[in-house]
Amino acid sequence: MQDLIHKASILHEALPYIRRFHGRTFVIKYGGHAMTEPSLRDSFARDVTLMKLVGLQPIVVHGGGPQIDEMLGSLGVVSERIDGLRVTDERTMDVVEMVLGGRVNQEIVTLINNHGGRAVGLSGKDDAFLRGERVTEMRTKSGKVVDPGRVGRIVEVKTRILEHLVAGGFIPVVAPVAVDAEGRSLNVNADTVAGAIAAATKAEKLVLMTDIAGVKDESGNVASSMSADHVRSLIDTGVISGGMIPKVQCALDAIAVGVKKCHVIDGRMQHAALLELFTDRGIGTEITAG
Ligand SMILES: Nc1ncnc2c1ncn2[C@@H]1O[C@H](COP(=O)(O)OP(=O)(O)O)[C@@H](O)[C@H]1O
Ligand SMILES: CC(=O)N[C@@H](CCC(=O)OP(=O)(O)O)C(=O)O
């Protein structure tokens with residue numbers, strides 16, 4: 001009985017949000033670190049399925065950095081990151097595509113389908129919907145300029161395939177591999193892809209699920225809200241580093257082109273996405289333009 005009352009009170013709090021968000025697009029980035037715990041994977045799949053069921057339009061973009069590391073490790077390939085981005089030679093690109101487009105994508109699709117959703121997996125190579133170009137220069141911490149290989153940035157998101165899937169009742173699950181003008185694969189950070197898709201689909205919210213409670217400020221505490229200027233100064237001073245850089249950067253880019261809200265949340269929490277979307281207090285860190 002107590003449990004029922006608890007659930008009813010949650011539903012009562014969620015109803016205004018369900019009404020307000022009906023038909024709106026939500027881009028959920030599911031990070032490689034957030035997806036390691038099996039019980040939380042189920043919680044994530046249930047949340048996404050429930051969102052669709054109540055009339056929201058979720059689009060999932062997944063990462064898989066740790067899963068790529070594991071596969072590269074087992075093949076004896078060493079890979080290096082600069083500012084959270086993996087230096088990607090041809091051989092590494094093959095592994096990235098195999099792990100992201102093959103294993104991780106299909107695991108998430110199956111997970112959502114097992115919870116009653118209708119997920120369809122695709123990468124940016126399907127209908128060439130994520131067009132990218134190569135990043136040709138990156139600066140290491142020591143100031144050396146290097147060519148990171150097959151690392152890409154997004155130049156165009158052709159939203160048609162996503163719109164068709166969403167309208168057909170499906171949940172698109174996107175692997176962050178883009179295609180260049182010659183039809184070759186590019187390794188794009190999953191946060192960057194999620195931000196670009198959120199911008200192109202004019203999403204209501206971009207939710208970045210990771211393995212930390214939110215973005216930490218100079219005092220080491222997770223901030224509930226952080227302005228663009230504050231974010232930039234924390235990058236400059238090194239307080240925001242590594243994999244957090246592409247996250248906050250894509251949040252800022254998405255806000256600049258009209259995405260209403262961007263949140264960095266803890267994907268290791270049960271029902272993290274629902275708590276963020278359907279409660280007054282929300283969770284994690286909201287990145288704001290102001
Ligand atoms: N200021 C910061 N606040 C929070 N996390 C930070 C910060 N700076 C760096 N990080 C690191 O960024 C990590 C998240 O990025 P990443 O490992 O790439 O996650 P994901 O796999 O979810 O994309 C955190 O686990 C943390 O170690
Ligand atoms: C260029 C680049 O760094 N690409 C990432 C793509 C996967 C990713 O972004 O995964 P997470 O979200 O789990 O970190 C990589 O190779 O790891």
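Student: I'd like to start with one helix. Which residues in α2 are buried?

Tutor: In this predicted model, the buried residues of α2 are Ser43, Phe44, Ala45, Arg46, Asp47, Val48, Thr49, Leu50, Met51 and Lys52. To read such a list, remember that an α-helix has 3.6 residues a turn, so residues three or four places apart point the same way. Here the buried residues form an unbroken run from Ser43 to Lys52.

Student: What do the buried residues of α2 pack against?

Tutor: Their partners are β1 (25–30), β2 (57–62), α4 (90–114), β10 (171–175) and α9 (272–278). Try finding each of those elements in the structure, starting from α2.

Student: How many residues does α2 have, and how far does it reach?

Tutor: A helix can be checked by comparing its end-to-end reach with the span expected from its residue count. Helix α2 covers residues 38–53, which is 16 residues, and it reaches 23 Å from first to last C-alpha, close to the 22 Å expected at 1.5 Å a residue. Just beyond the helix, Gly55 has a positive phi of about 100 degrees.

Student: Which residues other than glycine have a positive phi?

Tutor: Two examples are Ala128, with phi of about 45 degrees, and Lys202, with phi near 50 degrees. Ala128 belongs to the loop between β5 (119–123) and β6 (130–134), while Lys202 sits in the loop between α6 (190–200) and β13 (205–210).

Student: Why does Ala128 count as partly exposed?

Tutor: The idea is to count C-beta atoms around a residue: 20 or more within 10 Å make it buried, and 12 or fewer make it exposed. Ala128 has 15 other C-beta atoms within 10 Å, so it is partly exposed. Lys202 is also partly exposed, because it has 13.

Student: Let's zoom out. How many helices and strands does the protein chain have?

Tutor: There are nine helices and 16 strands. The radius of gyration is 18 Å, close to the 19 Å from the globule rule for 290 residues, so the chain is as compact as a globular protein of that length. Along its principal axes, the C-alpha trace spans about 60 × 45 × 35 Å. Buried residues account for 46% of the chain. Of the contacts between residues at least 6 apart in sequence, 74% join residues at least 24 apart.

Student: What does UniProt say about residues 25–266?

Tutor: An unreviewed UniProt entry places the feature "domain: Aspartate/glutamate/uridylate kinase" there. In the model, that stretch is 38% helix and 26% strand, with its end C-alpha atoms 21 Å apart.

Student: Which residues does UniProt list for "binding site"?

Tutor: The unreviewed entry lists Gly64, Gly65, Arg86 and Asn187. They are spread over 124 residues of sequence, yet they cluster in space, with a largest C-alpha distance of 11.8 Å.

Student: Where is Gly64, and is it buried or exposed?

Tutor: Gly64 lies in the loop between β2 and α3, and it is buried because 26 other C-beta atoms fall within 10 Å. Leaving out neighbours within four places in sequence, Gly64 is in contact with Gly32, Val99, Leu100 and Val104.

Student: And where is Arg86?

Tutor: Arg86 is in strand β4. With 21 other C-beta atoms within 10 Å, Arg86 is buried too. Not counting residues up to four places away in sequence, Arg86 touches Ser79, Arg81 and Asn187.

Student: Which residues come nearest to ligand 2?

Tutor: Of the 16 residues around it, the nearest are Gly32, Gly63, Gly65, Arg86 and Ala190. The elements giving two or more residues to this shell are α3 (65–74) and β4 (85–86). By class, the shell around ligand 2 holds seven nonpolar, eight polar and one charged residues.

Student: Which residues come nearest to ligand 1?

Tutor: Among 18 surrounding residues, they are Gly31, Thr210, Lys216, Gly243 and Met244. The shell around ligand 1 divides into six nonpolar, 10 polar and two charged residues.

Student: One last residue: what is Val231 in contact with?

Tutor: Val231 lies in helix α7 (residues 228–236). Setting aside neighbours within four places in sequence, Val231 contacts Met226, Ile240, Val248, Leu252 and Ile287. Val231 counts as buried because it has 25 C-beta neighbours inside 10 Å. From Thr49, one of the buried residues of α2, Val231 is 182 residues away in sequence and 32 Å away in space, C-alpha to C-alpha.

Conventions: Residues are numbered from 1 along each chain as its sequence is written. Chains are lettered from A and ligands numbered from 1 in the order in which they are written. This is a predicted model: local features need pLDDT of at least 70, side-chain atom pairs count only at pLDDT 80 or more; totals for chains, interfaces and linings use all residues. A residue is near a molecule or strand if its C-beta atom, placed from the backbone, lies within 6 Å of it. Helices (H or I, at least four residues) and strands (E, at least two) are DSSP runs, numbered from the N terminus. Ala, Val, Leu, Ile, Met, Phe, Trp, Tyr, Cys and Pro count as nonpolar, Asp, Glu, Lys and Arg as charged, and the others, Gly among them, as polar. UniProt positions are given in the numbering used here, feature names are shortened, and annotations may be inferred rather than shown by experiment. Two residues are in contact if their C-beta atoms, placed from the backbone, lie within 7 Å. The radius of gyration is taken over C-alpha atoms; the globule rule is 2.2 Å times the number of residues to the power 0.38.
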